[in-house]
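Reader: I would enjoy a close look at one part of this model, namely how a pair of its helices pack against each other. Could you walk me through it, with the cut-offs spelled out?

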Amino acid sequence: MRLSNFAILVVFGAGPALAQGTPDVSTDLTVDMAPQQYRICNDRPARPTWMDELHPREAYKALTMMDLYELRAWERIDETEDCSCETRFPDWDEVSVEYTERFATGSNAEHTQAQLQIRRERNDIRQGVQDICEAQGNW
């Protein structure tokens with residue numbers, strides 16, 4: 001008898017929760033092709049198309065390229081103490097050339113080592129770059 005009373009309480013207790021209904025789930029799978037909107041610097045140069053066309057097993061190449069891009073931009077910010085959008089998000093051409101010369105034919109393991117080194121270098125200057133960009137409202 002006690003178990004049935006407990007079951008009744010559980011059912012009645014769950015009633016209000018179930019009455020709230022199901023969460024709004026959209027069945028609209030339409031792809032939105034509107035340009036990405038960022039919190040800062042919406043006029044960023046497009047990254048090289050090859051980065052978006054890589055096979056998933058080669059995604060490490062795009063990661064190396066993005067890490068190198070950010071490091072070079074941060075170095076420029078640190079040197080010039082300018083965090084304008086043009087400095088923070090420069091054209092990809094210069095980094096593309098460096099990537100091709102240094103990393104394009106490297107193995108996955110070589111890319112991993114390069115990413116670790118690039119990230120160490122980037123972390124060394126991070127606080128200074130962040131301070132400059134925050135002061136200029138671009139972090």
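Author: Happily! Helices α2 and α4 are oblique to each other, because oblique is what remains once angles under 35 degrees (roughly parallel), over 145 (roughly antiparallel) and 65 to 115 (roughly perpendicular) are set aside. Their axes cross at roughly 130° and come within 10 Å; axes here are lines fitted to C-alpha atoms, for helices over the stretch in contact, with angles running from 0 to 180 degrees between N-to-C directions. The helices themselves are DSSP runs (H or I, at least four residues), numbered from the N terminus.

Before going on, please keep in mind that this is a predicted model, in which local features need pLDDT of at least 70 and side-chain atom pairs count only at pLDDT 80 or more, while totals for chains, interfaces and linings use all residues. Residues are numbered from 1 along each chain as its sequence is written, and side-chain values use heavy atoms, with hydrogens and water left out.

Back to the pair: α2 passes α4 in a right-handed crossing, meaning that the near helix is turned clockwise from the far one by less than a right angle. On the α2 side, the contact (heavy atoms within 4.5 Å) is made by Lys 61, Thr 64, Met 65, Leu 68, Tyr 69, Arg 72 and Arg 76. From α4 come Glu 94, Val 95, Ser 96, Glu 98, Tyr 99 and Arg 102. By class, these residues divide into five nonpolar, two polar and six charged; Ala, Val, Leu, Ile, Met, Phe, Trp, Tyr, Cys and Pro count as nonpolar, Asp, Glu, Lys and Arg as charged, and the others, Gly among them, as polar.

Now turn to α4 itself, residues 93-102. Its buried residues (under 20% relative accessible area, 1.4 Å probe, protein chains only) are Val 95, Ser 96, Glu 98 and Tyr 99. They cover an arc of only 165° around the axis, which puts them on the same side of α4; the arc is taken from the directions from the helix axis to the C-beta atoms. What covers these buried residues includes α2 and α5. The face turned away from the buried side carries Asp 93, Glu 94, Thr 100 and Glu 101, which are exposed, that is, over 50%.

Ser 96 of helix α4 is a good residue to zoom in on. With a relative accessibility of 19%, Ser 96 counts as buried. Leaving aside residues up to four places away in sequence, Ser 96 touches Pro 48 and Met 65.

Terms used: Helix = DSSP H or I, 4+ residues; strand = E, 2+ residues; numbered from the N terminus.
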